[in-house]
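Visitor: I would like to see how the labels on a model are earned. Could you walk me through the reasoning?

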Amino acid sequence: MEAFQQMLSQAGWAQGMQPWALSGLAMLFAGGTILGGVAVGAMFFIWTERKVAGYIQSRYGPMYVGHFHGVLQSIADGVKLLLKEDIWPTDADKFLFRIAPLLVFTGAFLSFVVLPFGPDFVGASLDIGLFYAFATSSLVVMGVIAAGWGSNNKWSLYGAMRGAAQVISYEIPLGLAVLPVVMSVGSLNLGTLAEAQRGWLWSWHLFNPIFFVSFVIYLISSLAEVNRVPFDLPETESELVSGYHTEYTGMKFAFFFLGEYADMFVVSAIAVSVFLGGWYTGIPAVDAFVPAPLVFILKSVFLVFVQIWLRWTLPRLRVDQLMYVCWKVFIPLSLANLFIYGLIRSMVG
Amino acid sequence: MILPKLQHAPASRPGDRARTMKSELLHINMGPQHPSTHGVLRLFITTDGEVVHSVTPYIGYLHRCAEKKAEGNTYHQYIVYTDRMDYLSAMNSNWGYCMAVEKLMEINGMGVEIPEYAEYVRVIIAELNRIASHLIAFGTYGLDIGAMTPFFHALREREAILNIFEKVCGARLMYSYYVVGGVKWDIPPDALEEIELFVKLFPDKLREYNELLTTNKIFVERTANVGVIDEDLAVAYGCTGPVLRGAGVKWDLRKDQGYSIYDRFDFEIPVGGGDMGTVGDCWDRYWVRMLEMEQSLAIVEQALQQMPREGEIMAEMPRRLKIPNSEVFFRSECPKGELGFYILSDGGDVPFRCKVRSPAFHNLHVIEEVGAGQMISDLVATVGSLDLVLGEIDR
């Protein structure tokens with residue numbers, strides 16, 4: 001945001017402008033940039049997902065729209081969804097039904113504000129960035145519950161209940177897993193956490209044994225957090241038809257879709273900035289001339305690819321097994337991890 | 001339909017807390033349009049949260065009066081209707097019906113001698129169809145559990161079989177290839193080569209499936225100890241095929257009744273042994289199907305070796321088949337289980353009555369007993385493991 005403010009002043013726009021107007025304008029620009037990035041990024045991930053799924057399943061995926069490997073397929077889909085009829089189920093709770101997709105998308109979108117794409121390439125460098133990101137991404141579950149309840153469909157309600165139980169449960173190991181790193185760096189600011197990993201590859205948090213356990217817990221919990229296979233219980237198309245978004249059509253459905261893919265990127269980006277060295281390549285000499293956002297985005301895209309890869313390989317868990325993994329495995333494990341790290345810190349100093 | 005009266009779920013454990021936390025049963029229709037009911041099966045379930053209290057299957061959405069139609073069609077004309085019963089293994093249904101008619105003729109002294117060559121062709125094609133049917137069972141079971149990729153891999157191999165069938169009889173789903181007295185056409189040489197190639201390549205693919213799904217930890221967790229149909233239950237409900245064999249009962253009509261030329265081949269009857277959990281759980285039924293594919297492949301391989309180079313494909317048959325008043329009930333081992341045809345003739349050229357005993361119909365009944373008390377996800381897994389085809393249940 002500061003960068004935008006600076007740009008605006010340099011361009012001469014700031015003359016005769018009140019400071020609050022200037023910062024408001026900068027805010028709008030920053031928000032617009034993020035929104036555009038989220039939408040385009042999500043579309044790219046949808047296309048990637050379809051291509052990766054295709055190759056995993058020995059077929060091609062989209063091939064026609066846009067001449068080269070169906071690159072414009074997502075845009076064609078978006079246009080199709082825009083033109084579709086907006087169907088309301090009879091007796092749907094109109095308010096909740098309408099607000100749900102917006103909540104889901106907003107939750108995903110808000111988290112983008114704190115993602116550190118580079119040293120000074122961040123929407124808002126908040127001191128509680130990590131906490132903020134977790135908080136906003138749990139807004140998604142509100143949307144899920146609203147969608148399930150508002151649809152007036154029993155299967156959707158099942159999806160919503162599962163979603164609520166799952167996301168709320170998995171937030172605990174997710175938060176506990178990153179705590180050792182936070183303890184070590186002493187900050188919740190995502191930029192500072194990434195900054196702490198400057199230097200050679202082994203200074204990444206991933207290569208610390210304690211943090212590695214954290215990383216594994218984080219990665220698996222984040223799959224549950226964004227409802228991906230093997231934890232895609234809220235939507236389980238073979239059990240709950242499509243779960244909470246069964247009744248949605250057109251753009252409302254598109255918002256759920258965009259929200260899901262944006263969320264995938266958010267959890268990956270947090271993992272990158274906390275564990276995988278943020279925007280650093282791991283070789284100090286290379287860092288000087290490689291653009292930081294490129295490194296950051298590439299790393300995040302790789303983690304998104306891992307999520308896609310898992311989705312098309314694994315079956316899904318049952319709801320009680322899901323809860324078992326969370327409450328009986330991950331939470332004790334992450335607590336123990338946190339305790340051991342604290343013990344080492346207090347002894348070594 | 002009259003809904004059962006809504007009642008409070010019994011408290012799970014005695015105590016104040018359980019008594020004050022009242023939960024109501026929820027009535028849900030699973031199907032007839034539902035992704036995991038494999039067609040138009042409608043399961044009426046009452047649930048208490050995630051736990052299923054009772055399951056009632058309602059059928060009839062695909063009823064086409066197939067049995068009644070037999071009374072207006074000649075013995076030969078009825079073959080096309082057997083295609084539409086178990087449409088995933090139409091060859092086996094065709095064969096079962098043709099053998100029933102042949103048996104009826106034999107009873108009346110009109111015995112037809114099926115040429116040896118034709119018998120081999122029948123066995124090879126039927127076993128290939130069994131593999132194709134089990135591939136669909138394997139693939140869709142993966143879908144039910146949430147793994148999508150195995151389905152595409154299974155369809156890829158099924159495609160090879162369908163290509164063979166297309167060369168053999170021109171059709172890919174509704175074959176009507178078997179006729180009373182033999183088969184309709186000879187296997188063309190290039191199709192024979194393709195079968196040989198398939199036999200050579202398929203074991204590798206089976207290994208791939210086992211790596212991808214069978215031994216997957218999550219898959220085992222989802223299917224082992226789930227939907228247990230033990231020996232007594234399976235026998236009491238008249239379950240047959242992989243459902244019965246999954247329960248540990250060694251019963252296969254190809255050996256125990258010994259029709260056609262199955263006594264010439266060396267093959268095993270795989271039974272469920274509770275390798276991953278209890279005998280007769282979903283994993284066992286699934287595993288029996290995987291093993292059966294191997295055995296079918298072995299039969300095809302042996303048949304290809306023993307088969308005479310060429311020969312008659314059809315016995316001498318009367319132009320108009322008229323069978324004196326008599327009855328027959330003939331069962332054959334289809335991929336889903338025992339398919340039985342009861343035919344009553346009255347001297348005309350059409351059957352007086354034709355009753356079909358379809359395996360999936362009897363396998364489905366057991367869901368009422370097994371489904372109650374499971375979780376919704378387990379119910380999906382159990383229904384999937386029964387490998388139902390609604391075309392056969394409703395007829």
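Guide: Gladly! This is a predicted model, and a good starting point is that A:Glu49 and A:Arg311 are both buried. These two residues link distant parts of the chain, with A:Glu49 in helix 2 of chain A and A:Arg311 in helix 12 (residues 292–311) of chain A, 262 residues apart.

Visitor: What makes A:Glu49 count as buried?

Guide: Buried means under 20% relative accessible area. A:Glu49 has 2% relative accessibility, so the residue counts as buried.

Visitor: And why is A:Arg228 called buried?

Guide: By the same reasoning: the cut-off is under 20%, and A:Arg228 comes out at 1% relative accessibility, so it counts as buried.

Visitor: How do you know that A:Glu49 and A:Arg228 form a salt bridge?

Guide: The label asks for a side-chain nitrogen of Lys or Arg within 4 Å of a carboxyl oxygen of Asp or Glu. The closest N and O atoms of A:Glu49 and A:Arg228 are 3.1 Å apart, so the pair meets that definition. A:Glu49 lies in helix 2 (residues 19–56) of chain A and A:Arg228 in the loop between helix 9 (209–225) and helix 10 (250–274), so the pair ties together parts that are 179 residues apart in sequence.

Visitor: What makes the pair A:Glu49 and A:Arg311 a salt bridge?

Guide: Their N to O value is 3.6 Å, and the limit is 4 Å, so this pair qualifies too.

Visitor: Why is helix 2 of chain A called roughly perpendicular to helix 10 of chain A?

Guide: The two helices pack at an angle of about 90 degrees, with their axes 9 Å apart. Angles of 65 to 115 degrees count as roughly perpendicular, so that label applies to helix 2 and helix 10 of chain A.

Visitor: Which residues make that contact?

Guide: Helix 2 of chain A brings residues including A:Val38, A:Phe45 and A:Glu49, while helix 10 of chain A brings, among them, A:Phe257, A:Tyr261 and A:Phe265. The contact residues divide into eleven nonpolar, no polar and one charged.

Visitor: How do you know that B:Arg245 and B:Glu292 form a salt bridge?

Guide: Their closest N and O atoms are 2.7 Å apart, which is within 4 Å, so the definition is met. B:Arg245 sits in helix 10 (residues 242–246) of chain B and B:Glu292 in helix 12 (residues 282–306) of chain B, 47 residues apart. Both B:Arg245 and B:Glu292 are buried. They also belong to a network of salt bridges, whose members include B:Glu127, B:Arg130 and B:Asp252.

Key:
Residues are numbered from 1 along each chain as its sequence is written. Chains are lettered from A and ligands numbered from 1 in the order in which they are written. This is a predicted model: local features need pLDDT of at least 70, side-chain atom pairs count only at pLDDT 80 or more; totals for chains, interfaces and linings use all residues. Side-chain values use heavy atoms; hydrogens and water are left out. Helices (H or I, at least four residues) and strands (E, at least two) are DSSP runs, numbered from the N terminus. Buried means under 20% relative accessible area, exposed over 50%, partly exposed in between (1.4 Å probe, protein chains only). Axes are lines fitted to C-alpha atoms, for helices over the stretch in contact, and angles run from 0 to 180 degrees between N-to-C directions. Angles under 35 degrees count as roughly parallel, over 145 as roughly antiparallel, 65 to 115 as roughly perpendicular and the rest as oblique. Contact means heavy atoms within 4.5 Å. Ala, Val, Leu, Ile, Met, Phe, Trp, Tyr, Cys and Pro count as nonpolar, Asp, Glu, Lys and Arg as charged, and the others, Gly among them, as polar.
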